[in-house]
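Trainee: I would like to learn how to read a few features of a model. Can we take them one by one?

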Amino acid sequence: MAHMALARALGWAIFVLLVTANFAECIGVNWGTQAAQPLDPSIVVQMLQDNKIHKVKLFDSDHWTVKFFAGTGIEVMLGIPNDQLSKLSHYRNAKDWVKQNVSTHIYDGGVDIKHVAVGNEPFLKSYNGSFTHTVFPALKNVQRALDEAGLADKIKATIPQNADVYDSGSGGPSEGNFRSDVRGLMIEIVNFLKENKSPFIVNIYPFLSLYQNPDFPIGFAFFDGNAQPIRDHNVQYTNMFDANLDTLVSSLRKAGAPNLEIIVGEIGWPTDGDVYGNATMAQKFYDGLFKKMVASKKGSPLHPEPVEVYLFSLTDENLKSIDPGYFERHWGIFRYDGQPKFALDFSGQGNNKMPIGAKNVHYYPAQWCVFAGAKDMNMVIPNLEYACQRSDCSTMIAGGSCSKLDKNKQVSYAFNMYFQINNQDVEACNFQGMAKIIEGNASTSECLFPIAIESAGGRLENGIGVSILVAILISLVFF
């Protein structure tokens, strides 16, 4: 009996090791820093290691940030923002960029850089072709510079694409092809990737399909098989992810690259800022994704093997543009301060528990700025507008976690966000004498009134899309 017990224990240990290894191989995470007080890179590295996440995708190549990944065993994908593509379309600049941002980190015990993401979704329709003529030259120049630096076998350049770069018209995934306006260029890019053994990176967001289309069947955004199946010849689809991925597979086949490696560069679910953006739905989405990719090792009908995916995102970013939607600042699995929002099991086994949160985060004092009252409520409107334009009030949108606050509490929330984003400067809690600082937590059971954290990052300007947000908030609060 003892031998049988030992055998069972060993079998379970081996199983756990295999699942963990598979998770480490196919799951990474995006880390963006568009936050008023971004976490220190050393804290982020510890978070990743504590949660056994061994791949990270960055949106830039800031030297100070990247150096923290040296010797950690974490695989890094560097990013090149779209506004640098024009510069890098000239080879000398690309060569200098590789020397300064890649080669300098490559040494014994250095940073394990695996990919360079040249641009990000450059063919988005909303960009109106702004990067059409620069992204491919930049890609070729960066890869050439990597080759000449002796890094060709280790590091590959590629372009993260939005899923709108291909479609299937009125047909199913088997009719997939690259968008007609960029098809010729995409075929060139795809064949360049194939020649250099670089992956095709695509960002897939089932949430956005649900958000943008009121007729989209909600069950099709998840992986539980409860959606009405969609049949494409002899193939049946029960979720949007598989259908989208196979539309890409069909597009790649038509472009002459049927075996090109595919990586999903961004996939996730927001937890606030929309009626469908909440922790419950996010947990459901990730549970299904991890069960499919990690535990079951399943891909899609046309791509049976699981693909490598990068979750979007590690933490909330309260300075992101809200032009796409108010949820944009709430994609994080972790809050702004690195604390987990909901229970997960990255191995897909269903043993959900809270991920390990950030350690050694230094908070400002436990104090909040709240509305102290006003004789004339009309005086509040311009102050509310001022606070929201310079902070983040996206959780107060209808369906958001703070949308059910009463009028006074909503004004308090706006005042406090401005106060905290300004590092609790006493001058940031005045609002023409209508605000006061208190030490009692102003949060409710549903709505978190955050406290600022100490950060090495500088505060960014925040004004994109907020005028629309403020107008909506004023109508919600006062009318």
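Trainee: Which residues does the annotation "domain: X8" cover?
Mentor: The unreviewed UniProt entry places "domain: X8" at residues 367–449. UniProt positions follow the numbering used here, feature names are shortened, and annotations may be inferred rather than shown by experiment. This is a predicted model: local features need pLDDT of at least 70, side-chain atom pairs count only at pLDDT 80 or more, and totals for chains, interfaces and linings use all residues. Residues are numbered from 1 along each chain as its sequence is written, and side-chain values use heavy atoms, without hydrogens and water.

Trainee: How much helix and strand do residues 367–449 hold?
Mentor: Helices (H or I, at least four residues) and strands (E, at least two) are DSSP runs, numbered from the N terminus. Residues 367–449 are 30% helix and 10% strand. The end C-alpha atoms of this stretch are 10 Å apart.

Trainee: Which residues have unusual backbone geometry?
Mentor: Most residues other than glycine have a negative phi, and most peptide bonds are trans. Here, Phe312 and Ser313 are joined by a cis peptide bond, with omega about 15°. Ser313 sits in the loop between strand S13 (308–311) and strand S14 (368–371). Lys52, not a glycine, has a positive phi of about 55°. Its loop runs between helix H2 (41–50) and strand S2 (55–58). Lys297 also has a positive phi, near 55°; this residue lies in the loop between helix H10 (279–295) and S13.

Trainee: What is the relative accessible area of Lys52?
Mentor: Buried means under 20% relative accessible area, exposed over 50%, partly exposed in between (1.4 Å probe, protein chains only). Lys52 is partly exposed at 44%. Lys297 is partly exposed at 46%.
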